[in-house]
Amino acid sequence: MCRAVGKLFSPCFLLFIFLYSFFPVECKATVLSDLGLYVIPYPQKVVADGENFIFKNALNIVLDKNPSAADRFTAEELMHDLKNKWNILL
């Protein structure tokens, strides 16, 4: 039984590092990350098909009657990013 109490380089730790280096870690998020999308938590099933979604007109962002400060901040950040990154008018 391996015990690494107070030892940084115990035999078990070195064995773990040795074995870990031979087994590549598979990235589960390849479909979305290839599209430049990073989602947490990652969905169980991802299908990337169809055409790109294109906005034909300006967008409206609608908040509740009494939005919280966090909701207002999020809406403002969304408006800023849509305008600067995608040239979408709001």
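The legends below describe views of a predicted model of one protein.

**View 1. Overall fold of the predicted model.** The protein contains 3 helices and 0 strands. Along the sequence the order of elements is α-α-α. Of its 90 residues, 8% count as buried. The accessible surface of the protein comes to about 9000 Å², and carbon and sulfur atoms supply 61% of that area. Among contacts between residues at least 6 apart in sequence, 20% join residues at least 24 apart.

**View 2. Confidence along the chain.** The mean pLDDT of the protein is 78. A value of 70 or more is reached by 81% of the residues. By mean confidence, helix α1 (residues 11-22) is lowest, at 74, while α3 is highest, at 91.

**View 3. Helix α3.** This helix covers residues 69-86. Its 18 residues should span 26 Å at 1.5 Å a residue. The C-alpha atoms at the two ends of α3 lie 25 Å apart, which agrees with the expected span.

**View 4. The residue that follows α3.** Asparagine 87 comes just after α3 and takes a positive phi of about 55°. The residue has this positive phi although it is not a glycine. Asparagine 87 belongs to the segment after α3. Its relative accessible area is 63%, so asparagine 87 counts as exposed, the cut-off being over 50%.

**View 5. A nonpolar patch on the surface.** Five residues make up this patch: Ile61, Leu63, Leu78, Met79 and Leu90. Together they have about 380 Å² of accessible area.

**View 6. Leucine 63 within the patch.** Leucine 63 is one of the residues of the nonpolar surface patch. Leucine 63 sits in the loop between α2 (30-34) and α3 (69-86). Its relative accessibility is 37%, so leucine 63 counts as partly exposed, a class that lies between the buried limit of under 20% and the exposed limit of over 50%.

Technical notes: Residues are numbered from 1 along each chain as its sequence is written. This is a predicted model: local features need pLDDT of at least 70, side-chain atom pairs count only at pLDDT 80 or more; totals for chains, interfaces and linings use all residues. Side-chain values use heavy atoms; hydrogens and water are left out. Patches are made of residues with over 30% relative accessible area and no salt bridge: like charges are joined within 9 Å, nonpolar side chains (Val, Leu, Ile, Met, Phe, Trp, Tyr) within 5 Å. Accessible areas come from the Shrake-Rupley method with a 1.4 Å probe; for residues, only the protein chains shown count as cover. A salt bridge is a side-chain nitrogen of Lys or Arg within 4 Å of a carboxyl oxygen of Asp or Glu. Helices (H or I, at least four residues) and strands (E, at least two) are DSSP runs, numbered from the N terminus. Buried means under 20% relative accessible area, exposed over 50%, partly exposed in between (1.4 Å probe, protein chains only). pLDDT is the predictor's confidence in each residue, from 0 to 100. Contact means heavy atoms within 4.5 Å. The expected span of a helix is 1.5 Å times one less than its number of residues.
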